[in-house]
Amino acid sequence: MHEASLAGGVLQLVDDCAQREGFARVLELRLEVGQLAGVDVAALRFALDCIAPGTRLEGARIELVETPGQAWCLGCSTRVPIAQRGDPCPACSSYLLEPTGGMELRVLDLQVSDD
Amino acid sequence: MCVVCGCSQTQRNRVPAPAHPSRPQGQASPERLLAQAATAASDDAAAPETGPRIDPLSGDLDYGAGAARVSVPGLSQVRAIKLEHDILGANDRIAAQNRAHFAAHGVLALNLVSSPGSGKTTLLCATIEALRRRHPALPVAVIEGDQQTAFDAERIRATGAPAIQINTGKGCHLDAPMVAAAFAQLHKHSHEQGHAHVHEHGHDHGHQHEHGVKHSHAHAHGHEHTAPSLLFIENVGNLVCPALWDLGERAKVAILSVTEGEDKPLKYPDMFAAARLMILNKIDLLPHVQFDVARCIELARRVNPGIEVLQVSASTGAGLDDWLHWLEHELGHDHGHSHDHGAGHAHASEQALRVRVAQLEAELAQLRQTAAAPG
């Protein structure tokens, strides 16, 4: 449900950017969403689709780039991939993991039109 | 993934790349089509991924498994802007201001998170009353978050502690600007009620600072108001959404009652990963429910190896001393570090240290990788 708030945050970033850059609408928007960011990608997309009409995002192609979860394993002393929090280390099965990647939640870039 | 052609872009593309070799509406320019042809070669053909993953044995639906990249054909005219801004950046900036503000006022702020009905408000009322007996001079205030009603704030006010209710309406979590506004209200109300604070406010409480301003709140305050105080922020009852929103608190405290089921930490991992302390509440009901305390703690430490755990009954007072002890420890030490207070916490303390070591090793590995990267 918080994806609706996040979609609002995306729109705010786009509007702030439009103020600076002076564009009329967004053609394409790329977001980076980490696997461990606590965000449901489908729900975020749905929320963006819902708020887009009547805004600079209307009709924009929205791409959600998922970055893989990564953690530092205390058992292996190495970086390992994890799909979600609570998963064990794929190498040594330890749960002593400290996530190091996949927490991103960012607007990467956009392609815009002046008319 | 694209619903038009089934293509899937590689994940680490820094440069925006169009992804449709065959566009149904003929809107693409020749340049773009050329670029599409070039990038189409690098697209990997992934399985359909827009729906939930379905467990073939049980039929369970997993909405967390799919990538759900659906593409809508765009137009050909392009001006690219690289932004790279955090979506939660605006909240996080206010949270940082709150944190500086709390530090300047000597406020220990704790963000209490749980599902509805875990006993947060009852625990708070019991805590406030116990603290009053132990530390009569310690100011304790509460910010209450609920979708509707001021029932909880009224319960807190009945204990004599000041409380501000935030109604989020349809919102499912508190955010940093709400807490900033509520804290200002608390401040205002305590002044109006004649509390003799001796500080001179020579700074702006309105928090209109724009991003990019290096905030030196703690130094800008010229007042003497640093006697410690306690601020409990009781978040909206919800084990999902509040995990993402930093309010400027020192720590999130997750409260889980034994009537809820021991597997909650694994079902809602983001919340327990974000919390520093888990309070198992209603332990007086353990004889009447099926709840494996050891397994619950084990699962919590799977998602957060450093999480501390206390077992409490707000209604009988069992374990309340441990919680008060934890609070006293936090009040006495203004800088975050691991804890070693009382028997039973040695394990958590060691875990916390091990996790800290892991964090530092991860940072070091990342720095080494950055240093070794060409260019």
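User: Why do strand 3 and strand 4 of chain A count as paired?

Analyst: Two strands pair if DSSP finds at least two bridges between them, and since four bridges join strand 3 (residues 70–73) of chain A to strand 4 of chain A, the condition is met. The two run antiparallel, and A:C73 has A:T78 in strand 4 of chain A as its bridge partner. The model is predicted, and local features are used only at pLDDT of at least 70 and side-chain atom pairs only at pLDDT 80 or more, while totals for chains, interfaces and linings use all residues. Residues are numbered from 1 along each chain as its sequence is written, chains are lettered from A and ligands numbered from 1 in the order in which they are written, and side-chain values use heavy atoms, with hydrogens and water left out.

User: What makes a stretch a strand or a helix here?

Analyst: Both are DSSP runs, numbered from the N terminus: a helix is H or I over at least four residues, and a strand is E over at least two.

User: Why are strand 4 and strand 5 of chain A said to stand at the edges of their sheet?

Analyst: The open, antiparallel sheet has the order 4-3-5 in chain A. Strand 4 (78–81) and strand 5 (97–101) each have a single partner strand, so one side of each is left without a neighbour in the sheet. The twist from one strand to the next averages 40°, where angles run from 0 to 180 degrees between the N-to-C directions of axes, which are lines fitted to C-alpha atoms, for helices over the stretch in contact.

User: What makes the pairing of the sheet 2(A)-1(A)-6(A)-3(B) mixed?

Analyst: This open sheet of four strands holds both senses of pairing: strand 1 (residues 25–34) and strand 2 of chain A run parallel and are joined by seven bridges, whereas strand 1 and strand 6 of chain A pair in the antiparallel sense over eight bridges. One residue pair in the parallel part is A:L31 opposite A:L64, and one in the antiparallel part is A:V26 with A:V112. Strand 6 of chain A also pairs with strand 3 of chain B, in the antiparallel sense over six bridges, and there A:V107 stands opposite B:H85.

User: How do you know that strand 6 of chain A is largely enclosed?

Analyst: Buried means under 20% relative accessible area, exposed means over 50%, and partly exposed lies in between (1.4 Å probe, protein chains only). Nine of the nine residues of strand 6 of chain A are buried, so the rest of the structure largely encloses this strand. Helix 1 (residues 3–21) of chain A lies across strand 1 and strand 6 (105–113) of chain A together with strand 3 of chain B.

User: Why are the buried residues of helix 2 of chain A placed on the same side?

Analyst: The buried residues of helix 2 (residues 41–51) of chain A are A:V41, A:L44, A:R45, A:A47 and A:L48. They cover an arc of only 160° around the axis, which puts them on the same side of helix 2 of chain A; the arc is that of the directions from the helix axis to the C-beta atoms. Their cover includes helix 1, strand 1 and strand 2 of chain A, with contact meaning heavy atoms within 4.5 Å.

User: What share of chain B counts as buried?

Analyst: Of its 375 residues, 47% count as buried, and the secondary structure of chain B comes to 11 helices and 10 strands.
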